[in-house]
Amino acid sequence: MDRMSVELRGSMGFTLIELIITLAILVVLLTVAAPSMRRLVHSNMVRTEASRLVAAINLTRSEAVLRNRPVSMCPSSMAATGRPLCSGTYADGWIIYSNRNRDR
């Protein structure tokens with residue numbers, strides 16, 4: 001064997017110490033980044049739900065103008081129960097309906 005092939009064979013991989021140091025650095029970076037990522041995901045979820053609510057309000061207003069009659073929006077858990085009743089909170093969902101009598 002010549003000297004060149006011996007040098008190449010010795011530098012073909014990583015040592016155990018190098019892998020452990022790399023993993024330690026990766027763990028530290030992930031530990032620092034995880035809380036920030038959680039806040040970012042939560043912020044995006046809140047922003048998305050607020051946009052959905054504003055879109056529903058705009059739909060209610062445009063349907064009232066289009067139909068030239070009262071259209072209402074109320075909180076409802078219809079997605080979970082299957083019954084279109086106005087009850088609960090807007091966090092459970094909402095329904096939009098033509099409200100000719102202007103009642104709940």
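**Fold, strand pairing and salt bridges of the chain**

About 8,800 Å² of the chain is exposed, with 65% of that area supplied by carbon and sulfur atoms. The model is predicted. Of its 104 residues, 11% count as buried. The secondary structure consists of three helices and two strands, arranged along the sequence in the pattern α-α-β-α-β. Among contacts with a separation of 6 or more, 32% are made by residues 24 or more positions apart.

Strand β1 spans residues 71-75. Five of its five residues are buried, so β1 is largely enclosed by the rest of the structure. Side chains leave the strand in two directions: V71, M73 and P75 point one way, S72 and C74 point the other way, and all are buried. The partner of β1 is strand β2, residues 94-98, and the two pair in the antiparallel sense over five bridges. Within this pairing, M73 of β1 stands opposite I96 of β2.

S72 belongs to strand β1 and has a relative accessibility of 19%. S72 counts as buried because the cut-off is under 20% relative accessible area. When residues up to four places away in sequence are not counted, S72 touches T60, I95, I96, Y97 and N99. Of these residues, I95, I96 and Y97 fall within β2, which covers residues 94-98. With N99, the side chain of S72 also forms a polar contact of 2.9 Å.

Side chains of opposite charge can pair when their charged atoms come close. The chain has two salt bridges. One joins E49 and R52, with 2.8 Å between the closest N and O atoms. E49 and R52 lie three residues apart in helix α2, which runs over residues 16-67, and are therefore separated by about one helical turn. E49 is partly exposed at a relative accessible area of 41%, and R52 is likewise partly exposed, at 45%.

The other salt bridge links E63 to R67, where the closest N and O atoms are also 2.8 Å apart. E63 and R67 are four residues apart in helix α2, so about one helical turn separates them. E63 has a relative accessible area of 21% and is partly exposed. R67 also counts as partly exposed, its relative accessibility being 44%. The value for E63 is 21%, and E63 is therefore not classed as buried, a class that requires under 20%.

Key
Residues numbered from 1 in each chain as written. Predicted model: local features only at pLDDT ≥ 70, side-chain atom pairs only at ≥ 80, totals over all residues. Heavy atoms only, no water. Buried < 20%, exposed > 50% of the residue type's maximum accessible area, 1.4 Å probe, protein only. Contact = heavy atoms within 4.5 Å. Areas by Shrake-Rupley, 256 points an atom, 1.4 Å probe, with all protein chains shown as cover. Polar contact = N/O pair within 3.5 Å; in protein donor to acceptor, adjacent residues only side chain to side chain. Pairing = 2+ DSSP bridges. Salt bridge = Lys/Arg side-chain N within 4 Å of Asp/Glu carboxyl O.
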